[in-house]
Amino acid sequence: MLDDFLWRATLAGIALALAAGPLGCFVVWRRMAYFGDATAHAAILGVALSLGFSISIFIGVLVAALAMAFMILSFSGRMFAIDTLLGVAAHGALALGLVAVTFIPGVRVDLTAYLFGDILAVGYVDLLIICAGSASILVLLRLRWERLLLLTLNADLAAARGIDTRRENMILTIMLAVLVAVAIKIVGALLITAMLIIPAAAARPVSRTPETMSGVAVVAALVAVVAGLWTSFQWDTPTGPSIVVAASALFAMASLFALVRSKHMH
Amino acid sequence: MSLIQTQGVGVLVGSRQILRDVDLSVRRREIVTVVGPNGSGKTTLLKVLIGAQAPSEGVVIREAGLRIGYVPQRLAIDQAMPLTVARWLGLSGTSDKEVHLLVAEQVGISGLLKQQMVSLSGGEFQRALLAQALLIRPDLLVLDEPTQGLDQPAVASFYRLIEEVREDLNCAVLMVSHDLHVVMRSSDHVICLNGHVCCQGTPTLVSAAPEYQALFGFGTEGALALYRHEHDHRHDHAKESDRDAG
């Protein structure tokens with residue numbers, strides 16, 4: 001009954017939700033939302049590179065996101081506050097990407113698909129790459145979970161336990177860049193950070209441990225993906241934004257629930 | 001054989017020399033306390049010892065497989081991270097609930113295991129931090145101003161707890177403290193730090209040293225100690241012989 005492309009879209013969305021849930025928790029805990037934005041916006045620059053050199057979008061985006069992330073890490077802590085620096089990096093990369101695309105000879109590129117995603121256009125190869133990226137993030141998170149938690153709580157505490165904090169920071173950054181590459185076709189560069197922080201933020205009020213929070217974030221992201229796809233199919237709304245709207249609605253509900261509960265307790 | 005030892009350790013941040021020429025060593029079962037005024041590099045020294053900061057000069061030698069239990073001066077848990085005391089203890093790497101309960105009872109937080117870390121009072125939070133450090137069964141317990149913000153009876157009971165822990169785990173304790181009187185009573189070795197090691201040795205020796213007097217400037221008490229010091233001409237060498245005897 002369902003068309004093939006809808007199945008591929010759903011599976012791609014599920015794969016993204018599985019990785020974005022727990023990784024998004026780290027973005028929220030470590031206050032990396034702006035960092036995520038800068039990395040995600042660099043993706044447009046990556047798209048320009050991919051089109052210019054005729055390489056895979058995933059590779060171009062991954063390289064651009066990684067380059068941006070490591071550039072920020074090496075520049076942070078000098079002269080400017082980190083949010084200023086990230087603001088410059090995020091918007092500068094986005095603007096540069098938008099300008100760079102116009103220099104590519106040949107077909108006129110419609111950037112909307114890369115800015116807001118085009119999940120319904122996900123092909124078989126795309127789906128395979130998205131699943132592989134998502135799975136590698138999940139495996140890494142599973143292996144390094146305790147270490148990353150300790151590092152997030154206190155870097156000195158992690159160091160005292162023999163954890164190489166630089167290395168773990170680097171791994172977290174790489175995972176973020178992979179997620180950007182995975183998500184670009186699904187929700188687009190502008191809404192990638194939304195998929196990271198909104199499900200995690202929605203999970204916070206109903207969670208008592210980091211593990212429940214990341215589990216609930218996965219469920220919230222899954223519900224948002226399915227609801228967004230359904231809305232998009234029913235009313236012909238843009239899919240990426242519809243998914244984010246659904247996630248935001250979940251966040252509003254969770255916050256309201258927390259508010260009501262705290263009123264009852266006092 | 002010492003658990004941990006530094007040789008000529010210096011730390012340079014930008015063009016500022018935070019620490020220079022620090023030589024120290026901590027042996028098993030020893031309680032070593034670092035005292036010094038604000039900005040004297042105490043926290044930096046601890047960070048170098050636990051491996052969180054690389055020294056600009058000199059070396060840190062740790063016994064192979066040394067397990068360090070660290071209690072930071074401050075640990076700000078973001079409101080966005082839900083964390084029960086029980087889960088916090090689980091981050092020690094020991095998942096045995098009975099052992100958790102045992103240690104929680106020892107430090108007096110067994111009734112708080114289901115609480116969120118951010119909801120604890122200052123004293124409770126400090127104990128929860130200590131409990132996790134104990135759960136890794138450390139060879140060396142490193143505490144950065146562990147009694148900060150505690151009232152007098154709480155400070156006294158905290159130091160009793162530390163001595164008890166030393167007996168239980170057979171570990172060494174290295175701490176930074178401002179509670180000079182308690183320090184002088186319960187430490188085996190005191191290091192007086194002000195960018196460099198001004199003086200170190202047994203509490204009696206250090207409290208008598210003119211360098212210590214100059215830093216903490218106790219009026220008549222200082223004069224008395226200085227008098228005592230005059231009778232001890234072996235001051236510089238005594239440091240060494242004293243350490244060897246201990």
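Start by colouring chain A by secondary structure: you'll find eleven helices and zero strands. Keep in mind that this is a predicted model. Walk along the chain from the N terminus and the elements read α-α-α-α-α-α-α-α-α-α-α.

Now zoom out and show just the C-alpha trace. Along its principal axes, the trace of chain A spans about 60 × 50 × 30 Å. What radius of gyration does chain A have, set beside a compact globule with 266 residues? Chain A comes in at 18 Å, and because such a globule would be near 18 Å, the two agree.

Next, switch on the surface. Chain A shows about 12500 Å² of accessible surface, and 71% of that belongs to carbon and sulfur atoms. If you colour by burial instead, 50% of the 266 residues count as buried. A contact map is worth a look too: take the contacts between residues at least 6 apart in sequence, and 76% of them join residues at least 24 apart.

Select the charged side chains after that. Chain A carries 16 positive and 13 negative charges, and the mean positions of the two sets lie 10 Å apart.

Last stop: helix H11, residues 239–265 of chain A, where you should pick A:Thr239. Is A:Thr239 buried or exposed? Its relative accessibility is 9%, and the cut-off for buried is under 20%, so A:Thr239 counts as buried. Which residues does A:Thr239 touch, leaving out those up to four places away in sequence? Show A:Ile119, A:Leu120, A:Leu229 and A:Ser232 as sticks and you have these contacts of A:Thr239 on screen.

Definitions and conventions:
Residues are numbered from 1 along each chain as its sequence is written. Chains are lettered from A and ligands numbered from 1 in the order in which they are written. This is a predicted model: local features need pLDDT of at least 70, side-chain atom pairs count only at pLDDT 80 or more; totals for chains, interfaces and linings use all residues. Side-chain values use heavy atoms; hydrogens and water are left out. Helices (H or I, at least four residues) and strands (E, at least two) are DSSP runs, numbered from the N terminus. Buried means under 20% relative accessible area, exposed over 50%, partly exposed in between (1.4 Å probe, protein chains only). Contact means heavy atoms within 4.5 Å. The radius of gyration is taken over C-alpha atoms; the globule rule is 2.2 Å times the number of residues to the power 0.38. Accessible areas come from the Shrake-Rupley method with a 1.4 Å probe; for residues, only the protein chains shown count as cover. Lys and Arg count as positive and Asp and Glu as negative; His and the chain ends are not counted. The place of a charge is taken as NZ of Lys, CZ of Arg, CG of Asp or CD of Glu.
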